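Biologist: I'm new to this one. Can you walk me through it?
Modeller: Sure, here it is.

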Amino acid sequence: MKRIMLKLSGEALAGEKRTGFDENTVRGVALQVKQLTEEGIETGIVIGGGNFWRGRSSESIDRTKADQIGMLATVMNCIYVSEIFRSVGMKTSILTPFACGTFTELFSKDRAEQYFSQGQVVFFAGGTGHPYFSTDTGVVLRAVEVEAEVILLAKSIDGVYDDDPHSNPAAKKYSEVTIEEVIAKNLQVVDMTASILARDNKMPMWVFGLNQENSIVDTVRGTLSGTKILV
């Protein structure tokens with residue numbers, strides 16, 4: 001495998017605190033990505049913003065403005081995580097679909113390809129740059145654009161279930177499921193827009209639990225028991 005796209009939730013970065021950052025959690029992610037990079041696997045990363053902002057946290061705020069705050073939350077997350085990656089010896093860059101002064105650079109496929117060729121981990125922050133689109137859609141869009149081979153979805157649960165395993169102990173876990181089933185059964189792996197974009201562009205996704213030890217590396221090597229979403 002040459003190139004992967006990793007999606008991390010903002011909540012995953014917060015650890016047990018559920019807000020802000022948990023440095024030990026982020027450092028653990030960094031060390032796993034470093035291992036993949038040293039093995040020659042190019043890694044792009046998209047991070048959600050739920051540890052700072054989720055949706056319309058106030059009914060007084062216009063939806064467009066609320067989504068813009070969420071986009072900026074993802075930029076903050078990428079700046080922080082990028083620095084932790086650098087502290088363990090990796091080179092990184094952060095690309096956004098809108099100008100952020102000197103904090104980031106504007107996204108283009110050519111620029112991303114240049115940084116991948118230099119052995120950098122490339123962070124794609126700011127979502128799609130437009131309101132009404134989630135980071136789910138953002139990660140599929142960027143994965144398609146840079147021709148990643150697979151999207152790794154690191155979540156708080158260890159795969160895709162037919163029901164909520166927290167409230168239903170009898171919920172069935174899928175080892176494999178097609179993207180058509182995800183859409184038809186509304187399994188909510190990613191939002192519907194992202195699911196259809198993945199289906200139409202034949203972009204596979206692997207879902208796994210981030211909190212399991214060495215989960216990112218093991219998923220890439222095919223030894224972790226998550227869920228493969230086939231296209």
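What follows is a quick chat about cysteines, a cavity, a pocket and one loop residue.

Modeller: One thing up front: this is a predicted model.

Biologist: Noted. How many disulfides does the structure hold?

Modeller: Zero.

Biologist: Why no bond for Cys-78?

Modeller: The closest cysteine sulfur, in Cys-100, is 10 Å from the sulfur of Cys-78, so the two are too far apart for a bond. A disulfide needs the sulfur atoms within 2.5 Å.

Biologist: Is Cys-78 buried or exposed?

Modeller: Buried, because its relative accessibility is 0%.

Biologist: And Cys-100, buried or exposed?

Modeller: Cys-100 also counts as buried, at 14% relative accessibility. The cut-off for buried is under 20%.

Biologist: New topic. How many cavities of 30 Å³ or more are there?

Modeller: The count comes to one. The volume of the largest cavity is about 50 Å³.

Biologist: Which residues line the largest cavity?

Modeller: Among them are Val-46, Ile-47, Thr-74, Phe-124, Thr-135, Val-139 and Arg-142. Strand S2 (42-47) and helix H5 (135-145) are the elements that give two or more residues to that lining.

Biologist: Which element gives the most?

Modeller: H5, with four residues.

Biologist: What's the mix by class?

Modeller: The lining of the largest cavity has five nonpolar, five polar and one charged residues.

Biologist: On to pockets. What volume does the second largest pocket have?

Modeller: About 160 Å³.

Biologist: Which residues line the second largest pocket?

Modeller: The lining includes Ile-79, Glu-83, Arg-86, Ile-94, Thr-102, Phe-103 and Glu-105. Helix H3 (63-87) and S3 are the elements that give two or more residues to the lining of this pocket. H3 gives the most, with four residues.

Biologist: And the classes there, how many of each?

Modeller: Three nonpolar, four polar and three charged residues line the second largest pocket.

Biologist: Let's pick out Thr-102. Where does Thr-102 lie?

Modeller: In the loop between strand S3 (92-96) and strand S4 (105-106).

Biologist: Is Thr-102 buried or exposed?

Modeller: Exposed, because its relative accessible area is 78%. The cut-off for exposed is over 50%. Yet Thr-102 is one of the residues lining the second largest pocket.

Biologist: What separates the C-alpha atoms of Thr-102 and Glu-42?

Modeller: A distance of 24 Å. Along the chain, Thr-102 and Glu-42 are 60 residues apart.

Note on methods: Residues are numbered from 1 along each chain as its sequence is written. This is a predicted model: local features need pLDDT of at least 70, side-chain atom pairs count only at pLDDT 80 or more; totals for chains, interfaces and linings use all residues. Side-chain values use heavy atoms; hydrogens and water are left out. Buried means under 20% relative accessible area, exposed over 50%, partly exposed in between (1.4 Å probe, protein chains only). On a 1 Å grid over the protein atoms alone, a cavity is a set of points where a 1.4 Å probe fits but cannot get out, and a pocket is an open set with protein on both sides within 12 Å along at least five of seven lines; lining residues have an atom within 4 Å of a point. Grid points are joined across faces, edges and corners, and a volume is the space filled by probe spheres set on the points. Ala, Val, Leu, Ile, Met, Phe, Trp, Tyr, Cys and Pro count as nonpolar, Asp, Glu, Lys and Arg as charged, and the others, Gly among them, as polar.
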